Amino acid sequence: MLIGAFKGDHGGYTLGNLSAIIHSKNLRGAYETSIRLSLETAILGALFGFLLAYAVIREGSPRWIRSAFTTFSGVAANFGGIPLAFAFIATLGPLGVVTTWFRNAGYDTSVRWPHFQLFTERGVEVVYLYFQLPLMILVIAPAIDGLRKEWREAAANLGAKKWQFWRHVGIPVLFPSFLGAFILLFGNAFAAYATAYSINQGQNIVPIVIGNYYTGNVLDNPHLAQALAFGMFVVLAAMMIIYIPLQRRAAKWAK
């Protein structure tokens with residue numbers, strides 16, 4: 001893939017494939033859409049996933065609730081691709097169970113929520129959040145467990161209030177893990193293909209564009225597809241460069 005990205009149609013090496021991506025509005029737009037989609041789902045998944053994980057895992061929560069949520073998260077985080085897309089189409093699609101029920105009840109969802117349609121970018125984001133949220137719960141759970149009960153007690157004995165504990169202890173300890181989880185969610189969404197392809201094949205994101213170059217009858221330049229894949233590799237490599245030191249720093253607090 002790396003070598004093919006720099007090969008021309010007639011052999012030899014060239015930077016023409018990368019130049020074509022830079023100067024093509026459609027291909028640049030694919031990267032912009034992919035990055036925007038990944039950022040939005042990563043931000044929402046990280047924020048709501050953290051809040052949900054903390055509510056479930058914090059001290060005082062019933063143990064069975066944590067077991068139920070972690071079990072569900074383990075299944076949901078790995079439930080993707082065509083089965084997940086079909087499940088959402090059968091539920092929230094134009095003829096889905098929920099959509100039909102609302103329509104029969106006299107509640108037209110297309111009028112109430114005109115900006116939300118399953119077969120659009122917003123619809124893809126909703127589907128992505130289905131596996132982004134549980135993935136965040138699984139990733140951030142060990143960091144939340146790392147908040148020692150003794151730290152709270154020591155802070156309280158020293159007269160610190162709750163916001164002071166979070167300001168000087170809780171947030172500094174959890175932030176590296178939170179940011180690392182956010183980067184992991186970004187990469188998870190950025191590389192997803194089957195789910196978005198099944199919901200909306202016309203979605204202009206990089207994995208679908210690459211697939212079109214290999215499977216389409218019109219777009220048939222494999223070297224340009226390899227250059228697109230090389231661009232994805234660069235973006236994900238940049239994320240990993242940030243992710244690895246964050247994980248090392250977070251691991252110190254888990255010991």
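Let's start at Ile 89, which counts as partly exposed because its relative accessibility is 27%; buried here means under 20% relative accessible area, exposed over 50%, and partly exposed in between, with a 1.4 Å probe and protein chains only. Before going on, note that this is a predicted model, in which local features need pLDDT of at least 70 and side-chain atom pairs count only at pLDDT 80 or more, while totals for chains, interfaces and linings use all residues. Residues are numbered from 1 along each chain as its sequence is written, and side-chain values use heavy atoms, with hydrogens and water left out.

Ile 89 sits in helix α4, which covers residues 81-92. Helices are DSSP runs of H or I with at least four residues, strands are runs of E with at least two, and both are numbered from the N terminus. Setting aside neighbours within four places in sequence, Ile 89 is in contact (heavy atoms within 4.5 Å) with Gly 96, Leu 118, Phe 119 and Ser 198. Val 127 is 38 residues away from Ile 89 in sequence, with 9.9 Å between the two C-alpha atoms.

Now step back to the whole fold. The protein has twelve helices and zero strands, so there's no sheet to look for under the DSSP runs used here. Of the 255 residues, 38% are buried. Take the contacts between residues at least 6 apart in sequence: 71% of them join residues at least 24 apart. As for the surface, the protein exposes about 14700 Å², and carbon and sulfur atoms supply 66% of that; these areas come from the Shrake-Rupley method with a 1.4 Å probe, and for residues only the protein chains shown count as cover.

Next, the charged pairs. How many salt bridges does a search of the whole structure find? It finds four, where a salt bridge is a side-chain nitrogen of Lys or Arg within 4 Å of a carboxyl oxygen of Asp or Glu. One of them joins the side chains of Glu 40 and Arg 122, at 3.6 Å from N to O. That pair ties together distant parts of the chain, with Glu 40 in helix α2 (residues 25-57) and Arg 122 in helix α7 (residues 121-145), 82 residues apart. Glu 40 is partly exposed, at a relative accessible area of 25%, and Arg 122 is also partly exposed, at 40%.

Arg 122 has another partner: its side chain meets that of Glu 125 in a salt bridge of 3.0 Å, N to O. These two are separated by about one helical turn because they are three residues apart in helix α7. Glu 125 counts as buried because its relative accessibility is 8%. Put the pairs together, and Glu 40, Arg 122 and Glu 125 are linked in a network of salt bridges.

Helix α7 turns up again in the bridge between Arg 66 and Asp 145, whose closest N and O atoms are 2.6 Å apart. This is another link between distant parts of the chain: Arg 66 is in helix α3 (residues 63-76) and Asp 145 in helix α7, 79 residues apart. Both ends are partly exposed, Arg 66 with a relative accessible area of 29% and Asp 145 with 38%.

Back to helix α2, this time at Thr 33. Is Thr 33 buried or exposed? With a relative accessible area of 11%, Thr 33 is buried. Not counting residues up to four places away in sequence, Thr 33 touches Glu 121, Gln 203, Asn 204 and Ile 205.

Ile 205 also belongs to the lining of the largest cavity, along with Ser 34, Leu 37, Ser 38, Tyr 128, Ala 189, Phe 190, Ala 192 and Pro 207. On a 1 Å grid over the protein atoms alone, a cavity is a set of points where a 1.4 Å probe fits but cannot get out, and lining residues have an atom within 4 Å of a point. The elements giving two or more residues to this lining are α2 and α9, and α2 gives the most, with three. The volume is about 30 Å³, meaning the space filled by probe spheres set on the grid points, which are joined across faces, edges and corners.

Finally, helix α9 (residues 162-190) also holds Gly 187, which counts as buried at 16% relative accessibility. The C-alpha atoms of Gly 187 and Ile 35 are 9.5 Å apart, although 152 residues separate the two along the chain.

Technical notes
1 Å grid on protein atoms, 1.4 Å probe; cavity = no way out; pocket = protein on both sides within 12 Å on 5 of 7 lines; lining within 4 Å.
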